[in-house]
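This report describes the fold, the packing and some local features of one protein chain. Please read it alongside the sequence and the model shown below.

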Amino acid sequence: MNPIHEMNEKKKLIITTALKLFSSKGSAATSMQEIAELCGMSKGSLYIMFKSKEELEASTLEYCMYTLMDEMTQIEHETSLTSRERLQKQIETLLIHIAELKEFLRVQMRSMMMDDEQQRKEQCHPLQRDLEVRTLHWFKDKLEEQYGSEIEPYTIDLILLTQGLFLSYVKIWFTEMPSLTVTKMATNLLQMMDYAAHGFLKQRPLPLIPLEDWPAWITEPHPDSTVMRHPIHIIKKMQDIAASELPAGQPKNDVLETIAILRQEMMEFTPRRAIILGMMHNLENVTAIQSLHSELQHILDAMYSRFIQADSSHT
């Protein structure tokens with residue numbers, strides 16, 4: 001087995017083991033020694049891969065978030081559902097993940113919010129910024145899908161309203177009304193969005209915060225950022241275009257097979273760089289998907305740049 005791939009598999013084992021412990025008893029009550037023992041390794045070996053418990057917690061949080069994003073993307077492409085049914089299923093999926101990771105997420109979110117104020121002003125937590133931008137773009141698309149393009153001026157008003165309701169539901173669910181179901185909460189949240197959106201469209205008030213004034217919307221992404229679109233979303237778009245626009249025959253079959261291999265590899269916890277580069281090379285001259293190929297290549301370049309920097313910092 002490739003030693004790098006083997007190391008990645010060990011990291012996956014550590015992260016998933018830590019996640020189970022953090023979720024069941026909280027990170028404060030979980031020791032690195034306990035994680036190492038359950039993974040069948042020494043504490044020293046664990047510290048070679050993660051220099052601190054804080055680094056392991058951050059990696060575990062990132063794993064949770066990107067696993068959720070992958071699930072959301074898969075739901076997005078369930079063509080048997082209407083757009084509203086997909087949105088409801090995505091909200092339910094988010095609630096289920098939050099319930100499963102309650103103790104771990106509670107500590108992590110508190111940590112993010114209690115960071116030194118000046119540090120937050122100088123540099124936003126990368127994952128927090130990533131999630132903020134992704135959520136904003138996703139939510140804007142969802143609003144326009146449900147209510148039409150005229151809803152755009154009220155994007156921020158609606159995202160703040162929905163976020164507040166969502167967090168309130170979760171708090172009540174955890175502390176006072178565990179009998180609430182994810183389906184009931186998701187349905188009610190969508191109804192509240194309907195009332196607010198239709199009210200905005202009927203009354204046409206001035207938005208409290210115009211979309212163009214919202215920092216996450218107007219700030220140019222960092223050159224190394226991968227927050228524009230999730231790679232799986234781009235690959236699915238490639239697949240759709242290739243299936244509908246390329247002429248039938250062996251070249252089309254080869255392209256679709258290459259895209260399928262690329263998508264499967266990107267869904268892995270630790271995608272193998274050689275396979276991804278090989279598949280990308282095979283697709284670079286397919287004119288119909290050239291712009292998507294360039295967008296995905298930019299994201300992959302940024303990803304591998306960070307991996308190289310991270311590996312060099314541990315040597």
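## Helix H9 and its expected span

The expected span of a helix is 1.5 Å times one less than its number of residues. The model discussed here is predicted, and helix H9, which runs over residues 155-175, offers a check of this rule: its 21 residues should span 30 Å, and its end C-alpha atoms are indeed 30 Å apart, which agrees.

The buried residues of H9 are Thr155, Ile156, Asp157, Leu158, Ile159, Thr162, Phe166, Tyr169, Val170 and Trp173.

## Overall architecture

The protein contains 15 helices and zero strands, and 39% of its 315 residues are buried. Among contacts in the protein with a separation of 6 or more, 70% are accounted for by residues 24 or more positions apart. The protein exposes about 17,900 Å², of which carbon and sulfur atoms supply 56%.

## Nonpolar cores

In soluble globular proteins, nonpolar side chains tend to be buried together. The largest nonpolar core in this model has 31 residues, and the members that touch the most other members are Ile91, Leu95, Ile151 and Leu158. Helices H5 (83-100), H8, H9 and H10 each supply at least two residues of this core, with H10 giving the most, namely 10 residues.

Leucine 95, leaving aside its neighbours within four places in sequence, is in contact with Phe166, Val170, Trp173, Val182, Met185 and Ala186. A second, separate core of 21 residues includes Ile232, Met238, Leu246 and Met266.

## Aromatic pairs

A pair of aromatic rings is described by the distance of the centres and the angle of the planes. A search of the whole structure finds two such pairs. In one of them, the rings of tyrosine 154 and phenylalanine 200 have their centres 4.6 Å apart and their planes at 5°, so the pair is stacked. This pair links distant parts of the chain, given that tyrosine 154 lies in the loop between helix H8 (126-147) and H9, whereas phenylalanine 200 belongs to helix H10 (residues 182-203), 46 residues apart. Both tyrosine 154 and phenylalanine 200 are buried.

The other pair is formed by tryptophan 173 and phenylalanine 174, whose ring centres are 5.4 Å apart and whose planes lie at 25°; since planes under 30 degrees apart count as stacked, this pair is stacked as well. Tryptophan 173 counts as buried at 12% relative accessibility, while phenylalanine 174, with a relative accessible area of 25%, is partly exposed.

## Helices H12 and H13

Glutamine 239 lies in helix H12 (residues 231-245) and counts as partly exposed, at 25% relative accessibility. Not counting residues up to four places away in sequence, glutamine 239 touches Leu256 and Ile259. The C-alpha atoms of glutamine 239 and arginine 263, which are 24 residues apart along the chain, are separated by 9.4 Å.

Helix H13 (residues 250-266) also follows the expected span: at 1.5 Å a residue its 17 residues should cover 24 Å, and its end C-alpha atoms are 24 Å apart, which agrees. The buried residues of H13 are Lys252, Val255, Thr258, Ile259, Leu262, Glu265 and Met266. These buried residues cover an arc of only 155° around the axis, and they are therefore on the same side of H13. An α-helix has 3.6 residues a turn, so residues three or four places apart point the same way.

Technical notes. Residues are numbered from 1 along each chain as its sequence is written. This is a predicted model: local features need pLDDT of at least 70, side-chain atom pairs count only at pLDDT 80 or more; totals for chains, interfaces and linings use all residues. Side-chain values use heavy atoms; hydrogens and water are left out. Helices (H or I, at least four residues) and strands (E, at least two) are DSSP runs, numbered from the N terminus. Buried means under 20% relative accessible area, exposed over 50%, partly exposed in between (1.4 Å probe, protein chains only). Rings of Phe, Tyr and Trp (its six-membered ring) pair if their centres lie within 6.5 Å; planes under 30 degrees apart count as stacked, over 60 as edge-to-face and the rest as tilted. Contact means heavy atoms within 4.5 Å. The arc is that of the directions from the helix axis to the C-beta atoms. Accessible areas come from the Shrake-Rupley method with a 1.4 Å probe; for residues, only the protein chains shown count as cover. A nonpolar core is a set of buried Ala, Val, Leu, Ile, Met, Phe, Trp, Tyr and Cys residues joined through side-chain atoms within 4.5 Å.
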